[in-house]
Amino acid sequence: VGAPMYTHGLGQVSHGALVNGRVYIYSTSLIKALTIGGNSTVVHSPDDYRTGVSGAQFGTSIASLGDLDRDGFNDIAIGAPFENSREDIMGAVYLFYGSSDGLMKESLQRISPSMAEMNLVGVRGFGFSISRGLDIDGNNHNDLLIGAPFSNKAILLKSRPVVQAEMFFLPSDSFAFDITDKKCPHHHEIESSCVRIRLCARLGGVLPQTTLTLQYSLSVSNRLLVIPANTTGEVALPSARNGSITFKSSGERICEAYIVIAKPSVPNPCLSQSITVQWNAVPNPAPLSPVLRKTKAKSPISARVSLLGPCQHCHPDLAVTDAVLKMNADSNRVIDGFSEGGELVFTVRNNGRQLACRPFITVLMPTGITLEVDMLPGNSCVPIEGNKGSIRCHIPSLLSANKQEEFVLLLNVNVKRLGPSPMKSISIRAESSNELNTTLSDNLFNLKLSVASRSNVMVYAQSTKDTAQLKTGLAPHLVKHLEDIGPMLTHTIQVLNEGPSLAPPSRLSIFFPHSTASIPLLYLRAVEYNHGGEGRVSCNTSTILNPKYYSPRGTGLHPEGYVPVINVASSHAEVCSLGVCRRQITCSLPALGSGLASSIRLVYHAWTQPILDAALVPLTIKTNGSILGFDDWTHFKWVNEDTSHPAMASTVLGGKVNKTSQTIELWMIIMAIVVAILALIILLLILKKAGFFKRKISFEMRTASSSSDTGQRTRVRSEV
């Protein structure tokens with residue numbers, strides 16, 4: 001159905017979109033049920049898709065031409081009388097051929113008065129009317145009469161036979177070499193592989209009493225050579241061949257055989273190879289020379305060539321097995337914080353029935369472990385971006401079917417501060433470009449690593465004072481300041497990592513004597529730390545650290561680098577043995593790097609008065625310490641661990657003490673002297689006023705030889 005006044009894109013004058021015209025085709029075949037407004041095929045006006053000229057009024061005339069190409073399907077002609085080609089010529093006719101899929105979307109022929117075969121001028125409105133297919137000259141081919149009313153002309157076009165031709169490969173458009181078979185009989189100079197192909201042509205339609213020749217040019221990829229199959233003896237081996245096929249009647253199929261040879265030096269048989277054929281019909285000067293219509297296989301045609309072997313539907317199946325990391329005398333074992341060389345040995349096997357194309361290996365290292373490849377002979381390895389220490393190696397050697405190869409990576413493994421973590425593993429994956437996803441399950445191998453730690457943790461202890469002299473002190477109920485208790489003692493425990501690896505977090509247990517026989521010995525004033533690594537130290541000192549809340553008299557207790565620990569509330573163990581009760585302080589130490597130390601400083605005051613009252617001097621006070629690793633680091637091996645319990649000792653000395661004497665404070669003595677002097681001065685003033693010094697008084701002193709007076713001396717002793 002023609003709609004010549006159909007306008008596509010109304011208003012878009014600049015795009016030539018006015019009065020294009022459209023033809024609707026409604027199918028009435030028995031295959032599709034006819035319904036009103038049912039299946040329709042829309043043939044767009046040619047100016048939309050071909051010339052871009054508006055105002056063609058495509059569809060003004062429609063005529064059935066019969067079966068021009070004798071393929072069993074009717075063809076039609078559609079006129080576009082207002083399509084402008086030149087100023088003095090207007091109009092065109094389009095031929096659309098039928099097919100098993102219905103009317104073709106694109107015209108196979110466009111007829112215009114300006115065509116070289118017609119060379120008409122002054123023709124306007126060409127295609128306004130079209131006659132149906134009529135055999136005017138009686139040669140069994142329908143002719144076409146086209147009217148051009150605006151020029152008062154009618155043009156008669158005599159039709160020629162239309163034939164369909166196609167070229168194709170047999171048995172298919174895909175060929176495969178067996179590169180392991182080097183016995184090609186057509187190449188005598190050197191061993192090579194080859195495959196036989198057939199290039200065929202088929203002609204359809206009606207061919208009159210004449211011939212049709214198809215000329216072609218066959219070319220192959222630069223890794224291939226081609227010769228005719230009937231070639232004998234030594235011949236040149238070009239990469240292209242020219243030939244022709246001549247048809248004497250329609251319905252024929254003619255084939256020519258060729259031998260395609262693979263060059264001996266094929267660097268990578270997995271690269272895509274191809275055979276290409278360009279073809280066309282040779283012009284025929286006969287009066288009824290046929291018109292060639294190319295069918296589905298248009299020029300050029302091509303075929304894919306595989307060099308992988310005769311099994312075109314086979315695929316490789318790679319698997320990684322028997323992986324082991326050899327680090328000196330140990331296997332699958334690395335040292336935390338240590339760098340050493342070794343070998344990563346593994347086997348890649350091809351369990352499939354096809355050669356593996358472009359194989360490569362990916363080695364992924366776990367976090368904290370880097371891999372430096374020194375040498376992989378014959379292969380190229382590059383680091384993987386974004387995954388430090390991991391590599392991808394391209395393997396130039398191709399893995400044949402049911403073959404395996406062992407690979408050795410010479411490498412340096414650097415393990416840096418892994419920290420508490422589960423077992424590490426190295427992932428090794430083998431891949432190829434032609435393996436199916438369904439066989440990738442065994443391409444990955446996870447090599448478990450045993451991570452050992454050479455953390456030579458040593459514990460040292462020291463006292464700031466080996467000997468302390470007790471002074472006179474106050475009774476416990478009279479103490480208000482920390483300094484009133486007695487002299488200050490300082491014990492320090494140092495944890496030093498002398499090994500190459502990171503020392504794990506640990507627990508430091510400290511035992512100090514608290515009391516004996518209900519007599520207090522030490523009063524805990526402060527617990528401080530200086531940690532060389534990252535993190536903070538916490539201790540369970542919330543209930544035993546300065547429990548009486550005594551205030552200090554001064555400041556600046558903390559030495560440089562020491563800060564108070566984080567107090568954690570928890571129960572305290574107290575162990576009494578041989579009359580001495582010890583309290584336990586447990587401190588949590590963070591991980592400690594190689595060569596770093598963590599120190600815990602305990603500050604006490606010795607209870608002076610209770611110790612002196614109990615006559616316990618001289619007294620040696622010892623503080624012990626021990627260290628253990630956390631449970632979640634049990635997979636680390638401790639080398640040369642110091643398991644002894646170092647002790648810090650301070651000796652407290654004191655003099656003889658008279659328990660019945662009462663201690664007189666110095667300020668009391670000074671006050672008594674001042675009061676006595678004031679009283680004496682007042683007495684002298686009173687006597688002077690009474691005239692006592694004006695009298696003469698004689699004294700007679702008698703001394704008895706048999707008696708003597710003994711004066712008592714009062715001695716006040718102060719001991720410091």
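**Strands, disulfides and salt bridges: the basis of each term**

Me: What makes strand β36 (residues 488-497) and strand β45 (residues 597-606) a pair?
Reply: Nine bridges join β36 to β45, and the two strands run antiparallel. Two strands pair if DSSP finds at least two bridges between them, so the nine bridges found here satisfy the criterion. The strands themselves are DSSP runs of E of at least two residues, numbered from the N terminus. Within this pair, T492 has R601 of β45 as its bridge partner.

Me: On what kind of model do these statements rest, and which atoms are used?
Reply: The model is predicted, so local features need pLDDT of at least 70 and side-chain atom pairs count only at pLDDT 80 or more, while totals for chains, interfaces and linings use all residues. Residues are numbered from 1 along each chain as its sequence is written, and side-chain values use heavy atoms, with hydrogens and water left out.

Me: Why are β34 and β41 said to stand at the edges of the sheet?
Reply: The open sheet has five strands in the order β34-β36-β45-β39-β41, with antiparallel pairing. β34 (457-463) and β41 (563-564) each have a single partner strand, so one side of each is left without a neighbour in the sheet.

Me: What makes C200 and C255 a disulfide?
Reply: Their sulfur atoms are 1.9 Å apart. A disulfide is a pair of cysteine sulfur atoms within 2.5 Å, so this pair qualifies. C200 lies in strand β15 (residues 193-205) and C255 in strand β19 (residues 253-262), so the link ties together parts that are 55 residues apart in sequence. The link is right-handed, with 110 degrees about the S-S bond. A search of the whole structure finds three disulfides.

Me: Why is C200 called buried or exposed, and how is C255 classed?
Reply: Buried means under 20% relative accessible area, exposed over 50%, and partly exposed in between (1.4 Å probe, protein chains only). C200 has 0% and is therefore buried, whereas C255 has 25% and is therefore partly exposed.

Me: How do you know that C576 and C581 are joined, and which class does C581 have?
Reply: The sulfur atoms of C576 and C581 are 2.0 Å apart, and the two residues form a disulfide. With 105 degrees about the S-S bond, the link is right-handed. C581 counts as buried at 14% relative accessibility, while C576 is partly exposed at 49%.

Me: Why is the contact of E528 with R601 called a salt bridge?
Reply: The closest N and O atoms of the two side chains are 2.6 Å apart. A salt bridge is a side-chain nitrogen of Lys or Arg within 4 Å of a carboxyl oxygen of Asp or Glu, so the contact meets the definition. E528 in strand β39 and R601 in strand β45 are 73 residues apart, and the pair links distant parts of the chain. Both E528 and R601 are buried. The structure holds six salt bridges.

Me: What makes R525 and E483 a salt bridge, and how is each residue classed?
Reply: The closest N and O atoms of R525 and E483 are 3.4 Å apart, and the two form a salt bridge. R525 lies in strand β39 (residues 522-531) and E483 in the loop between β35 (467-469) and β36, 42 residues apart. R525 is buried at 12% relative accessible area, whereas E483 is partly exposed at 30%.

Key
Helices (H or I, at least four residues) and strands (E, at least two) are DSSP runs, numbered from the N terminus.
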